[in-house]
Amino acid sequence: MKPRQVEAFRGVMMAGGVTAAAEAMNVTQPAVSRLIRDLEDAVGMTLFERIGARLVPTIEATKLYGEVERLYLGLDQIAQAADDIRLHKNTVLRIGSVTSVVRPYLHRAIIDTVGERLDIPLVIDVENSRFIWDMVEQNRYDLGFVFSSPRMADKNAVLLHSASAVAAMHASHRLASRSVITPADLLDDRVLIPGRNSPLRLALDRAFSGEEHQPVSTMETSMLNCCYFAAAGMGVGIVDEISLRSAAADAVAIPFDPKIEVSYFAIRPAGAERIAVLDELIGRMQEYMKCQN
């Protein structure tokens with residue numbers, strides 16, 4: 001695999017066609033097509049279906065594009081850092097956050113902490129917890145806000161909020177008047193569950209494994225989507241109240257048994273120097289999330 005092949009692939013995915021990609025790369029259309037074919041040979045996959053004069057991305061191409069964009073994000077960050085050093089700018093603070101705490105918590109904390117301070121350049125990315133952990137460990141994020149379990153936390157992690165999972169559903173649902181929901185109650189419902197990499201999902205799998213039968217239907221999606229679909233009457237979502245508030249979902253929330261602890265942490269790189277504005281940001285996030293009810 002050669003860099004020029006990856007550049008051509010990214011160009012076609014971004015521009016939506018060979019012609020625009022060729023113009024952006026300042027090469028001919030046949031040259032771009034050849035680079036794409038060479039890349040397909042190198043990775044051993046068909047990346048585009050050729051329909052007439054058009055190239056239509058395959059599922060494999062879409063997945064590969066996500067990884068390529070992360071590579072280019074890293075290159076962009078290096079270029080930005082070089083510019084900052086060359087121009088003697090202040091150090092850019094890079095923050096990664098899971099979607100569930102962006103609105104309203106991180107929005108409010110950033111506004112109240114940074115406000116009109118023009119001397120604090122920021123980069124704020126919204127990613128999944130696993131990616132944020134990796135970026136923090138590699139010192140590519142100065143601060144990360146992640147969804148995790150307490151046993152995954154380390155000495156560089158600060159607990160922001162912890163609560164038990166709830167079963168979220170529309171007010172008209174047959175179980176909406178219950179005081180507690182168990183796995184046995186949900187066998188005849190569509191159960192909305194978070195992705196397989198979520199600590200909550202792992203605990204849910206253990207909870208349902210004790211049942212003789214599994215739910216008749218499931219939908220695996222993001223925590224926020226679980227909240228949206230539960231509020232719309234699509235099923236019962238096993239979620240946390242932070243996600244429910246972030247989604248602004250009008251749903252009934254009932255305690256789930258067995259108890260599953262759901263936690264959010266602020267994480268810093270090992271040995272990271274203390275940065276006052278980040279300490280203040282973490283403190284505000286703790287304050288706002290504790291007052292979430």
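**Warm-up: the whole chain**

Of the 293 residues in this protein, 45% count as buried. Keep in mind that the model is predicted.

*Task.* Work out what secondary structure the protein has and what its C-alpha trace spans along the principal axes.

*Solution.* Start with the secondary structure: it comes to 10 helices and 12 strands. Next, the C-alpha trace spans about 65 × 50 × 30 Å along its principal axes. Then look at the surface: the protein exposes about 15600 Å², and carbon and sulfur atoms supply 51% of that. Last, check the contacts between residues at least 6 apart in sequence: 73% of them join residues at least 24 apart.

**Exercise 1: the largest nonpolar core**

*Task.* Find which residues of the largest nonpolar core touch the most other members, and which helix gives the most to this core.

*Solution.* Step one: the core has 68 residues, and V101, F145, L186, I238, Y264 and M285 touch the most other members. Step two: helix α10, residues 276–290, gives the most to this core, with seven residues. Step three: take M285 and skip anything up to four places away in sequence; M285 then touches V101, Y105, L106, A109, F145 and L160. Step four: another core lies apart from this one, with 20 residues that include F9, M13, M25 and I36. As background, nonpolar side chains tend to be buried together in soluble globular proteins.

**Exercise 2: I282**

*Task.* Is I282 buried or exposed, and which residues does I282 touch beyond four places in sequence?

*Solution.* First place the residue: I282 is found in helix α10. Now apply the cut-off: buried means under 20% relative accessible area, and I282 is buried because its value is 8%. For contacts, leaving out residues up to four places away in sequence, I282 touches L143, V158, L160 and A266. For a distance to check in your viewer, try I282 and G44: they are 238 residues apart in sequence and 45 Å apart in space, C-alpha to C-alpha.

**Exercise 3: a serine in a loop**

*Task.* Describe the surroundings of S100, starting with which elements flank its loop.

*Solution.* Begin with the backbone: S100 is found in the loop between β3 (93–97) and α5 (102–113). Then accessibility: S100 has 9% relative accessibility, so it counts as buried. Then contacts: with neighbours within four places in sequence set aside, S100 is in contact with Y105, M223, L224, I242, S243, S246 and Y264. Finally, look at the S243 side chain, which is joined to that of S100 by a polar contact of 3.1 Å.

**Exercise 4: salt bridges around E220**

*Task.* Which side chains form salt bridges with E220, and which parts of the chain do these pairs link?

*Solution.* A search of the whole structure finds 12 salt bridges. Side chains of opposite charge can pair when their charged atoms come close.

1. Take R196 first: its side chain meets that of E220 in a salt bridge at 3.5 Å, N to O. E220 lies in strand β9 (residues 217–220) and R196 in the loop between β8 (190–193) and α7 (199–209), so this pair ties together parts 24 residues apart in sequence.
2. Move on to R201: it also forms a salt bridge with E220, with the closest N and O atoms 3.0 Å apart. This pair links distant parts of the chain, R201 being in helix α7 and E220 in strand β9, 19 residues apart.
3. Sort the three by accessibility. R201 is buried, at 5%; E220 counts as partly exposed, at 41%; R196 counts as exposed, at 55%.
4. For a pair elsewhere, R274 and D279 meet through their side chains in a salt bridge of 2.9 Å, N to O. R274 counts as exposed at 69%, while D279 is partly exposed at 27%.
5. Now build the graph: salt bridges that share partners join R196, R201, D205 and E220 into one network.

**Exercise 5: a nonpolar surface patch**

*Task.* Which residues make the nonpolar surface patch of about 300 Å², and where does L71 lie?

*Solution.* The patch is made by L71, L75 and I78. L71 lies in helix α4, residues 59–86. L71 counts as partly exposed because its relative accessibility is 47%.

Technical notes
Residues are numbered from 1 along each chain as its sequence is written. This is a predicted model: local features need pLDDT of at least 70, side-chain atom pairs count only at pLDDT 80 or more; totals for chains, interfaces and linings use all residues. Side-chain values use heavy atoms; hydrogens and water are left out. A nonpolar core is a set of buried Ala, Val, Leu, Ile, Met, Phe, Trp, Tyr and Cys residues joined through side-chain atoms within 4.5 Å. Buried means under 20% relative accessible area, exposed over 50%, partly exposed in between (1.4 Å probe, protein chains only). Helices (H or I, at least four residues) and strands (E, at least two) are DSSP runs, numbered from the N terminus. Contact means heavy atoms within 4.5 Å. A polar contact is a pair of N or O atoms within 3.5 Å; within protein, one must be able to donate a hydrogen and the other to accept it, and residues adjacent in sequence count only if both atoms are side-chain atoms. Patches are made of residues with over 30% relative accessible area and no salt bridge: like charges are joined within 9 Å, nonpolar side chains (Val, Leu, Ile, Met, Phe, Trp, Tyr) within 5 Å. Accessible areas come from the Shrake-Rupley method with a 1.4 Å probe; for residues, only the protein chains shown count as cover. A salt bridge is a side-chain nitrogen of Lys or Arg within 4 Å of a carboxyl oxygen of Asp or Glu.
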